[in-house]
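This report describes the predicted model shown below. It treats the sheet, the helix contacts, the salt bridges, the surface and the backbone in turn.

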Amino acid sequence: MDYDGIRREIERLEKLVVDLWLVASPFDCRRLFSEKTLSDAPLLEDWRQAVRPVPCLVGFSTGHPLLPGCERPIVTSDIWLFSEELRLARSTSRWYRLGNPFRDMSKDN
């Protein structure tokens with residue numbers, strides 16, 4: 001068994017649970033997002049919701065801690081929280097700042 005892998009997954013899920021509890025708290029959740037939280041979050045451009053066996057986002061990431069590069073195409077892990085209004089999404093792994101959504105240029109006729 002990969003005990004280190006199991007521990008890493010537990011730590012990742014524990015961080016998600018903390019964020020879920022904070023968002024579920026009875027106050028304006030916008031106060032949760034400190035400048036540090038937002039500045040550390042990768043930017044996802046041309047994003048759109050996609051479907052794997054679970055909801056996720058696809059787009060072009062800049063500033064991702066594990067997938068370096070600018071405008072690198074990625075598929076996120078499972079999406080747990082999503083707010084187009086706040087331009088934020090929380091995957092199993094991390095917060096994402098949402099840039100501009102995908103625009104289907106073929107429908108611009």
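**The sheet**

In this predicted model, strands S2 and S3 run antiparallel and are joined by four bridges. Within this pairing, Val58 stands opposite Val75 of S3. Val58 also serves as the bridge partner, in S2, of Arg48. The strands S1 and S2 are likewise antiparallel, with seven bridges joining them, and they form a hairpin in which three residues lie between the two strands.

On which strand does S1 (residues 43-51) pair in the parallel sense? The partner is strand S6 (residues 95-98), and the pairing extends over two bridges. Leu43 has Arg97 as its bridge partner in S6.

Taken together, the strands make an open sheet of six, in the order S3-S2-S1-S6-S5-S4, with mixed pairing. S3 and S4 are the edge strands, each of them pairing on one side only. From one strand to the next, the twist averages 30°.

**Helix H1 and its contacts**

Leu16 is found in helix H1. Is this residue buried or exposed? Leu16 has a relative accessible area of 2% and is therefore buried, the limit for that class being under 20%. Leaving aside neighbours within four places in sequence, the contacts of Leu16 are Trp80, Arg90, Ser91 and Thr92. Leu16 and Ser91 are 75 residues apart along the chain, yet their C-alpha atoms are separated by 8.0 Å.

Arg90, one of the residues in contact with Leu16, also takes part in a salt bridge, described next.

**Salt bridges**

The structure holds three salt bridges, which are listed in the table with the distance between N and O atoms.

| Pair | N to O distance | Location |
|---|---|---|
| Asp4 and Arg7 | 3.2 Å | helix H1, three residues apart |
| Glu9 and Arg12 | 2.9 Å | helix H1, three residues apart |
| Asp19 and Arg90 | 2.7 Å | helix H1 and strand S5, 71 residues apart |

What separates Asp4 from Arg7 along the helix? Because the two are three residues apart in helix H1, the separation is about one helical turn. Arg7 is partly exposed, with a relative accessible area of 48%. The pair Arg12 and Glu9 also spans about one turn of helix H1. Arg12 is partly exposed at 28% relative accessibility, and Glu9 is partly exposed at 32%.

The closest N and O atoms of Asp19 and Arg90 are 2.7 Å apart. Asp19 belongs to helix H1 and Arg90 to strand S5, so this salt bridge ties together parts of the chain that are 71 residues apart in sequence. Both Asp19 and Arg90 are buried.

**Surface and the segment after S6**

Met1, Tyr3, Ile6 and Ile10 make a nonpolar surface patch of about 460 Å². Tyr3 lies in helix H1, which comprises residues 3-24. The relative accessible area of Tyr3 is 51%, so this residue counts as exposed, a class that begins over 50%.

Pro101 lies in the segment after S6. Pro101 is partly exposed, with a relative accessible area of 36%. Residues up to four places away in sequence not being counted, Pro101 touches Asp46 and Trp47. Between Pro101 and Cys56, which are 45 residues apart in sequence, the C-alpha to C-alpha distance is 14 Å.

**Backbone conformation in two loops**

Most residues other than glycine have a negative phi. Which value does phi take at Glu71? Glu71 has a positive phi of about 50°, although this residue is not a glycine. Its place is in the loop between strand S2 (55-62) and strand S3 (72-75). Glu71 counts as exposed, at 55% relative accessibility.

Arg87 likewise has a positive phi, near 60°, and is a residue other than glycine. Arg87 is found in the loop between strand S4 (79-83) and strand S5 (88-91). With a relative accessibility of 40%, Arg87 counts as partly exposed.

Definitions and conventions. Residues numbered from 1 in each chain as written. Predicted model: local features only at pLDDT ≥ 70, side-chain atom pairs only at ≥ 80, totals over all residues. Heavy atoms only, no water. Buried < 20%, exposed > 50% of the residue type's maximum accessible area, 1.4 Å probe, protein only. Pairing = 2+ DSSP bridges. Axes fitted to C-alpha atoms, helices over the stretch in contact; angles between N-to-C directions. Patch = residues over 30% accessible without salt bridge, like charges linked within 9 Å, V, L, I, M, F, W, Y side chains within 5 Å. Areas by Shrake-Rupley, 256 points an atom, 1.4 Å probe, with all protein chains shown as cover. Salt bridge = Lys/Arg side-chain N within 4 Å of Asp/Glu carboxyl O. Contact = heavy atoms within 4.5 Å.
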